[in-house]
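Student: I have a new structure open and I'd like to learn how to read it. Can you walk me through it?

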Amino acid sequence: MKIKSAEFVISNSRADLCPIHDMPEYAFIGRSNVGKSSLINCLVERKALAMTSSTPGKTLLINHFLINGDWYLVDLPGYGYAKRSKKEQEKLSKIISYYISQREQLTSLFVLIDSRLEPQRIDLEFIANLGEMGVPFGIIFTKADKVKRAQIKGNVERFLNRLREDWEELPPYFVTSSETGMGREDVLNYIEKINES
Ligand code: GTP
Ligand code: MG
């Protein structure tokens with residue numbers, strides 16, 4: 001899919017204050033620093049549409065970006081950053097769960113997983129919760145430029161095997177790098193297919 005336009009619309013902390021429209025939304029979630037905001041910039045080929053940082057905890061609100069005038073990418077705060085105060089963590093969990101559980105326009109959530117790591121309990125638990133809530137989702141393995149191909153393959157396979165324990169059918173998954181653009185087309189084509197269905 002060709003990206004003709006990408007514009008920041010609004011940041012806010014509540015699902016009921018998100019833009020009013022009936023277009024599909026695709027949102028990005030995952031541990032702090034996993035590369036959510038970078039992937040949004042990669043998908044739209046813009047350096048700083050979404051704010052990124054080498055320090056975890058950069059994105060703190062729900063951020064809406066209108067793409068090609070007819071669908072949205074949504075950048076969410078990350079989960080699992082241990083250095084946050086309990087109060088701050090609770091506030092962010094509320095923002096995330098508001099959006100995920102209440103946003104009718106949410107067409108697919110993408111859960112980002114660091115391809116450098118063995119399966120992490122926090123990610124598996126988050127995905128198990130999505131299953132219980134019935135939220136449609138896909139998995140995006142990130143930062144593939146940072147590890148050898150064999151290691152990515154092993155980590156992805158181990159992660160999928162963990163999912164197979166709970167799921168009869170695996171969710172769609174993608175291996176990406178926001179540095180090299182690997183997987184960009186696959187994610188965009190997947191979104192395009194849903195938009196057209
Ligand atoms: P929070 O908003 O804090 O939850 O983080 P985030 O998930 O939005 O991560 P962000 O996109 O800000 O990226 C975190 C760091 O990882 C930044 O220093 C990025 O440059 C780096 N990064 C993200 N994606 C990639 C990637 O594909 N490859 C490499 N090498 N670095 C990446
Ligand atoms: Mg971010």
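Tutor: Sure, and keep in mind that this is a predicted model. Let's start with one residue, Glu 168, which sits in the loop between helix H4 (149–164) and strand S7 (173–175).

Student: Is Glu 168 buried or exposed?

Tutor: To decide, count the other C-beta atoms within 10 Å: 12 or fewer makes a residue exposed, and 20 or more makes it buried. Glu 168 has 5 such neighbours, so it is exposed.

Student: How far apart are Glu 168 and Met 1 in sequence and in space?

Tutor: Those are two separate readings. Along the sequence, 167 residues separate Glu 168 from Met 1, while from C-alpha to C-alpha the distance is 30 Å.

Student: Now the strands. Why is strand S3 said to be largely enclosed by the rest of the structure?

Tutor: Use the neighbour count again, where 20 or more means buried. Strand S3 spans residues 62–67, and five of its six residues are buried, so the rest of the structure largely encloses it.

Student: Which strands pair with S3, and in what sense?

Tutor: Look for bridges between strands. S1 (residues 6–12) pairs with S3 in the antiparallel sense, over six bridges. In that pairing, Glu 7 is opposite Leu 66 of S3. S3 also pairs with S4 (residues 71–75), again antiparallel, this time over five bridges. There, His 64 faces Val 74 of S4.

Student: What happens in the hairpin of S3 and S4?

Tutor: Check the residues between the strands and their backbone angles. This hairpin has three residues there, and Asn 68 takes a positive phi near 50°.

Student: On to the ligand. Which residues come nearest to ligand 1?

Tutor: There are 23 residues around ligand 1, and the nearest are Gly 35, Ser 38, Thr 52, Thr 59 and Gly 78. Helix H1 (residues 36–44) gives the largest share of that shell, with three residues. You can also sort the shell by class: 14 residues are polar, six are charged and three are nonpolar.

Student: What does the UniProt record say about residues 22–197?

Tutor: An unreviewed UniProt entry annotates them as "domain: EngB-type G". In the model, that span is 39% helix and 20% strand, and its end C-alpha atoms are 15 Å apart.

Student: Last one: what confidence values does the predictor give?

Tutor: Look at the protein and the complex separately. For the protein, the mean pLDDT is 95, with 100% of residues at 70 or more. For the complex, the predictor reports an ipTM of 0.99 and a pTM of 0.96.

Terms used:
Residues numbered from 1 in each chain as written. Chains lettered and ligands numbered in written order. Predicted model: local features only at pLDDT ≥ 70, side-chain atom pairs only at ≥ 80, totals over all residues. Near = placed C-beta within 6 Å. Helix = DSSP H or I, 4+ residues; strand = E, 2+ residues; numbered from the N terminus. Nonpolar A, V, L, I, M, F, W, Y, C, P; charged D, E, K, R; others polar. UniProt positions renumbered as here; feature names shortened; annotations may be inferred. Pairing = 2+ DSSP bridges. pLDDT = per-residue confidence, 0-100.
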